[in-house]
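Colleague: I've got a new structure open and I'd like to learn how to read it. Could you take me through it feature by feature?

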Amino acid sequence: MNYFPIFANLDNKHVLVVGAGSVASRKIELLRKTNAHIHVVAIEASEQINQWHQQGMVQLQLEAFEPTHLDGKWLVIAATNNRAVNRNVEQAAVARQLLANVVDDRKLSHFIVPSIIDRDPIQIAISSGGEAPVLARSLRADLEARLPASLGKLAVLMGNWRDRVKQRFTRPGQRREFWERVLSSSVPQQLFQGDKHKAEQGVLQMLNGKSVSEKGHVSLVGAGPGDPELLTLKAMQRLQTADVVYYDNLVSDEVLELVRRDAERIYVGKKAGAHSCSQTHIQEQLRDAALSGKRVVRLKGGDPFVFGRGGEELEVLAQAGVSFDVVPGITAAAATAAYTGIPLTHRDYAHSAILVTGHGKENTDIDWQALARTDQTLAIYMGLKKSSTIAEQLIAHGRAADTPVVIVERATTERQRQISGKLRDLPQLIASYGVESPAMILVGEVCELAGRYAWFGEPLQPVECASGF
Ligand code: SAH
């Protein structure tokens with residue numbers, strides 16, 4: 001980080017602006033939003049700055065810059081169109097260990113003024129550290145459009161109620177929960193629509209009510225297949241309000257980045273070499289964390305109810321009377337289909353799709369006859385290890401040996417790989433390409449479309465299977 005972000009309180013502090021043209025005006029306009037004493041030094045001044053001077057908003061001295069002008073100042077902004085003068089200002093500031101900003105000259109500046117979204121008292125500052133100003137501007141425009149203009153009113157209202165809320169709830173966790181409930185209630189909308197009285201009433205009612213639970217809560221959240229942009233808004237909201245997040249190895253780092261910074265993150269995956277937790281232990285941890293009053297997120301790859309043991313986790317919570325909710329995620333089959341451009345169903349190729357695991361309790365449980373039907377797509381989860389059995393059994397039960405298959409490794413991530421071939425070659429394809437988990441195997445006529453609607457990642461790899469397959 002080259003720039004340390006701070007919001008400076010300039011109340012009653014003296015600030016110097018050197019220069020009095022249009023560039024200086026822009027900076028002064030921003031400074032005028034604070035309670036700083038603004039001094040301007042310049043050999044001549046624009047009409048605008050003269051006017052501000054006459055109105056007593058700035059103090060103007062029409063003379064050349066001298067280092068003594070820095071006496072008693074906290075900050076200085078050099079905004080002349082003369083580089084030598086600007087450099088003098090910078091050097092004089094250095095001599096006095098004052099922070100100087102030279103407008104439009106990053107090299108000479110000790111601090112930069114970020115682009116801001118002003119919803120006073122909410123301020124959002126954006127900076128690219130001078131690397132990509134256009135990107136910073138576009139982010140700003142994006143945020144400007146998204147944030148209601150009256151967001152500041154909401155912050156003021158929350159500030160006014162803060163002490164009373166503190167008295168009512170002693171634990172910080174309860175207070176946070178209270179405010180989150182206010183934010184997700186109709187209070188903000190009422191305020192944005194100008195009905196301050198109704199909004200205040202709403203807060204009062206919630207404060208007097210018994211609705212803020214003293215007990216914790218568990219959200220079973222689908223993290224999707226890897227790409228963080230595939231999270232639902234609800235999943236995002238849960239990650240932002242969690243006290244503790246239990247996650248496993250299918251959850252991508254990018255998704256974990258979105259967890260509230262102060263939340264505890266607990267890995268409960270089963271990656272080789274790493275500490276692994278038994279399912280029972282995970283279930284007990286979730287229950288106990290909730291019973292101790294925490295907002296718990298159980299974050300699972302894909303969708304929690306598709307080969308995710310979500311049902312077992314809920315059972316324990318239900319038995320303990322813990323409140324919970326479930327946030328669906330994009331399951332690997334859907335993600336793989338989308339990111340390879342291979343529809344799971346298609347009127348010309350497949351009338352149904354079956355989500356199936358290659359990791360079932362025992363293969364004897366599997367109805368191979370049903371799985372081997374034509375006109376349907378199989379989306380096989382956790383199928384790498386059993387790929388020989390899968391191919392053999394499907395063929396033995398009537399699926400054509402040359403049925404097209406596609407194997408997709410790490411779908412939706414930067415490392416997505418896609419391999420296509422025939423059902424009879426499935427185990428060899430996996431071995432020769434060194435396919436690793438997580439990978440999805442698609443089997444069925446829709447796989448003929450492999451490559452036709454490809455839009456993501458590297459182009460298809462050529463199939464190199466040992467002869468005879
Ligand atoms: N609940 C998850 C599935 C868990 S089982 C879901 O709904 O997606 C784990 C299996 O899911 C993996 O072995 C693999 O077959 C599949 N899988 C998960 N993420 C994947 C990804 N990004 N790419 C391909 N397959 C994936």
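Colleague: Let's start with one residue: where is the place of Asn101?

Modeller: Keep in mind as we go that this is a predicted model. Asn101 sits in strand β5, which covers residues 99-102.

Colleague: Is Asn101 buried or exposed?

Modeller: The idea is to look at relative accessibility, where buried means under 20%. Asn101 comes out at 5%, so it counts as buried.

Colleague: And which residues is Asn101 in contact with, leaving aside its neighbours within four places in sequence?

Modeller: There are two stretches to look for: Val76, Ile77 and Ala78, and then Ser109, Phe111, Ile112 and Val113.

Colleague: Let me zoom out. How many helices and strands does the protein chain have?

Modeller: The count is 16 helices and 17 strands. For the overall form, set the radius of gyration against the globule rule: the chain has 31 Å, well over the 23 Å given for 469 residues, so it is more spread out than a compact globule. Along the principal axes, the C-alpha atoms fill a box of roughly 95 × 60 × 45 Å.

Colleague: What share of the residues of the protein chain count as buried?

Modeller: That's 44% of the 469 residues. As for the outside, the accessible surface is about 25,500 Å², and 51% of that belongs to carbon and sulfur atoms.

Colleague: What about contacts between residues far apart along the chain?

Modeller: Take the contacts with a separation of 6 or more, and ask what part comes from residues 24 or more positions apart: here they account for 62%.

Colleague: How many positive and negative side chains are there?

Modeller: You'll find 53 positive and 52 negative ones, and the centres of the two sets are 5 Å apart.

Colleague: Now a helix. How should I read one?

Modeller: Begin with its span. Helix α6 runs over residues 172-183, and its 12 residues reach 16 Å from first C-alpha to last, close to the 16 Å expected at 1.5 Å a residue.

Colleague: Which residues of α6 are buried?

Modeller: A general point helps here: an α-helix has 3.6 residues a turn, so residues three or four places apart point the same way. In α6, the buried ones are Gln174, Arg175, Glu177, Phe178, Trp179, Glu180 and Val182.

Colleague: What do the buried residues of α6 pack against?

Modeller: They pack against the helices α5 (151-168), α7 (187-192), α8 (196-208) and α9 (233-241), and also against strand β11 (295-300). You can read α9 the same way. Its buried residues are Ala235, Arg238, Leu239 and Thr241, and their cover includes α6, β8 (217-222), α10 (253-256), β11 and β12 (323-327).

Colleague: Next, the backbone. Which residues does a cis peptide bond join?

Modeller: Check omega for those. Asp120 and Pro121 are joined by one, with omega about 10 degrees, and Pro121 lies in the loop between β6 (115-119) and β7 (122-126). Another joins Ser437 and Pro438, with omega about 0 degrees. Pro438 is in the loop between α16 (426-432) and β17 (439-443).

Colleague: And which residues other than glycine have a positive phi?

Modeller: One of them is Gln97, with phi near 55 degrees. Gln97 lies in the loop between α3 (83-95) and β5, and its relative accessible area of 75% makes it exposed. Met382 has phi near 50 degrees. Look for Met382 in the loop between β14 (376-381) and α15 (387-396), where it counts as partly exposed at 43% relative accessibility.

Colleague: Let's finish with Thr413. Which residues does Thr413 touch, not counting those up to four places away in sequence?

Modeller: Thr413 touches Pro225, Gly226 and Phe456. Its place is the loop between β15 (404-409) and β16 (417-422), and at 23% relative accessibility it counts as partly exposed.

Colleague: How far apart are Thr413 and Phe111?

Modeller: You can give that in two ways: 302 residues apart in sequence, and 37 Å apart in space from C-alpha to C-alpha. Try it on Thr389 and Gly358 too: they are 31 residues apart along the chain, with 9.1 Å between their C-alpha atoms. Thr389 itself is in helix α15 and is partly exposed, with a relative accessible area of 25%.

Definitions and conventions. Residues are numbered from 1 along each chain as its sequence is written. This is a predicted model: local features need pLDDT of at least 70, side-chain atom pairs count only at pLDDT 80 or more; totals for chains, interfaces and linings use all residues. Side-chain values use heavy atoms; hydrogens and water are left out. Helices (H or I, at least four residues) and strands (E, at least two) are DSSP runs, numbered from the N terminus. The radius of gyration is taken over C-alpha atoms; the globule rule is 2.2 Å times the number of residues to the power 0.38. Buried means under 20% relative accessible area, exposed over 50%, partly exposed in between (1.4 Å probe, protein chains only). Contact means heavy atoms within 4.5 Å. Accessible areas come from the Shrake-Rupley method with a 1.4 Å probe; for residues, only the protein chains shown count as cover. Lys and Arg count as positive and Asp and Glu as negative; His and the chain ends are not counted. The place of a charge is taken as NZ of Lys, CZ of Arg, CG of Asp or CD of Glu. The expected span of a helix is 1.5 Å times one less than its number of residues.
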